[in-house]
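Student: Please take a close look at one part of this model, the longer helix and what it packs against. I would like one connected account that then moves outward to the rest of the chain.

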Amino acid sequence: MQVIQTPEDKLETLGIVLPEVRRAVGNYVGCVRVGNLLFTAGQGVDQYHGKLGRDLSLEDGYAASRQSMLNLLAVVQNELGSLNKVKRIVKLLGFVNCTEDFIDQPKVINGASDLLVDVFGEKGKHARSAVGMAQLPGGTAIEIEMIVEVEEEKGD
């Protein structure tokens, strides 16, 4: 009999501990649930600052994108109580702080997308946009937001 791993089990197998949920730094909340959809606020990273194509390598960007997704997963877990309540990752919007001539935004955001598939399998495959920005808040290298379909609660 095959044992089905929860997303938390998969994170543990990967040696990943989710970070503490970052506090909102303005008049907004980390996520909003509407029906069975959870919309997250954008999550940047504290560890990577600067522009891809000038200050940071593609590998740095990939790692920053992965860290941004860990921050997002912490928000989702905090909201739902368990990542096992995620029915599907619907959409990512990834912003990359980069130079004008940097064209590998999709490769950078793969850090987040690859992690989602590692953790959720087929449920982690999603629609996505990856765009370059002239600047991001605080000079962070990456900011990502996502839409998650969640299991309906009893009585919904």
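Tutor: What follows starts at helix H2 and its core, then turns to the buried contacts, the salt bridges and the surface. The model is a predicted one.

Helix H2 runs over residues 58–80 and has 23 residues. From its first C-alpha to its last, helix H2 reaches 33 Å, close to the 33 Å expected at 1.5 Å a residue. Just after H2 comes Gly81, which takes a positive phi of about 90 degrees.

The largest nonpolar core has 37 residues, and those that touch the most other members are Met69, Leu73 and Met146. Two or more residues of this core come from each of H2, strand S3 (86–97), helix H3 (105–120) and strand S5 (142–150). Of these, H2 gives the most, with nine residues.

Met69 shows how the core is put together around one side chain. Neighbours within four places in sequence aside, Met69 is in contact with Leu92, Ala112, Leu115, Leu116, Ile144 and Met146. Met146, one of these partners, is also among the three residues that touch the most other members of the core.

Ser68 gives a second view of the helix, since this residue also lies in H2. Its relative accessibility is 0%, so Ser68 counts as buried. Not counting residues up to four places away in sequence, Ser68 touches Gln43, Gly44 and Val45, and also Ile142, Glu143 and Ile144. Ile144 is thus a contact of Ser68 and a contact of Met69.

Another buried position is found in a loop. Ala141 is placed in the loop between strand S4 (127–133) and S5, and has a relative accessible area of 0%, which makes this residue buried. Its contacts, with residues up to four places away in sequence not counted, are Tyr48, His49, Gly50, Leu52, Leu56, Phe95, Val96, Asn97 and Leu136. Ala141 and Asp55 are 86 residues apart in sequence, and their C-alpha atoms are 9.5 Å apart in space.

Charged pairs come next. Side chains of opposite charge can pair when their charged atoms come close. The structure holds five salt bridges. One of the five joins Arg22 to Asp46, with 3.7 Å between the closest N and O atoms. Arg22 lies in the loop between H1 and S1, and Asp46 in the loop between strand S2 (37–40) and H2, so this pair ties together parts that are 24 residues apart in sequence. Arg22 is partly exposed at 30% relative accessibility, whereas Asp46 is exposed, with a relative accessible area of 56%.

A salt bridge also links the side chains of Lys87 and Glu149, at 3.9 Å from N to O. Since Lys87 lies in strand S3 and Glu149 in strand S5, the pair ties together parts that are 62 residues apart in sequence. Strands S3 and S5 both give two or more residues to the core. Lys87 is partly exposed, with a relative accessible area of 38%.

Lys107 and Asp104 form another of the salt bridges, with their side chains meeting at 3.8 Å, N to O. Both residues count as partly exposed: Lys107 has 45% relative accessibility, and Asp104 has 25%.

Helix H3 can be followed through Asp118, which is placed there. At 40% relative accessibility, Asp118 counts as partly exposed. Leaving aside neighbours within four places in sequence, Asp118 is in contact with Lys10, Leu14 and Arg66. The C-alpha atoms of Asp118 and Ala64 are 17 Å apart in space, and these two residues are 54 apart in sequence.

Glu122 lies in the loop between H3 and S4. With 57% relative accessibility, Glu122 counts as exposed. Glu122 and Ala134 are 12 residues apart in sequence, yet 33 Å apart in space, C-alpha to C-alpha.

Last is a nonpolar part of the surface. Val29, Val32, Val34 and Phe39 make a nonpolar surface patch of about 320 Å². Val29, one of these residues, is placed in the loop between helix H1 (7–13) and strand S1 (31–34).

Technical notes. Residues are numbered from 1 along each chain as its sequence is written. This is a predicted model: local features need pLDDT of at least 70, side-chain atom pairs count only at pLDDT 80 or more; totals for chains, interfaces and linings use all residues. Side-chain values use heavy atoms; hydrogens and water are left out. Helices (H or I, at least four residues) and strands (E, at least two) are DSSP runs, numbered from the N terminus. The expected span of a helix is 1.5 Å times one less than its number of residues. A nonpolar core is a set of buried Ala, Val, Leu, Ile, Met, Phe, Trp, Tyr and Cys residues joined through side-chain atoms within 4.5 Å. Buried means under 20% relative accessible area, exposed over 50%, partly exposed in between (1.4 Å probe, protein chains only). Contact means heavy atoms within 4.5 Å. Patches are made of residues with over 30% relative accessible area and no salt bridge: like charges are joined within 9 Å, nonpolar side chains (Val, Leu, Ile, Met, Phe, Trp, Tyr) within 5 Å. Accessible areas come from the Shrake-Rupley method with a 1.4 Å probe; for residues, only the protein chains shown count as cover. A salt bridge is a side-chain nitrogen of Lys or Arg within 4 Å of a carboxyl oxygen of Asp or Glu.
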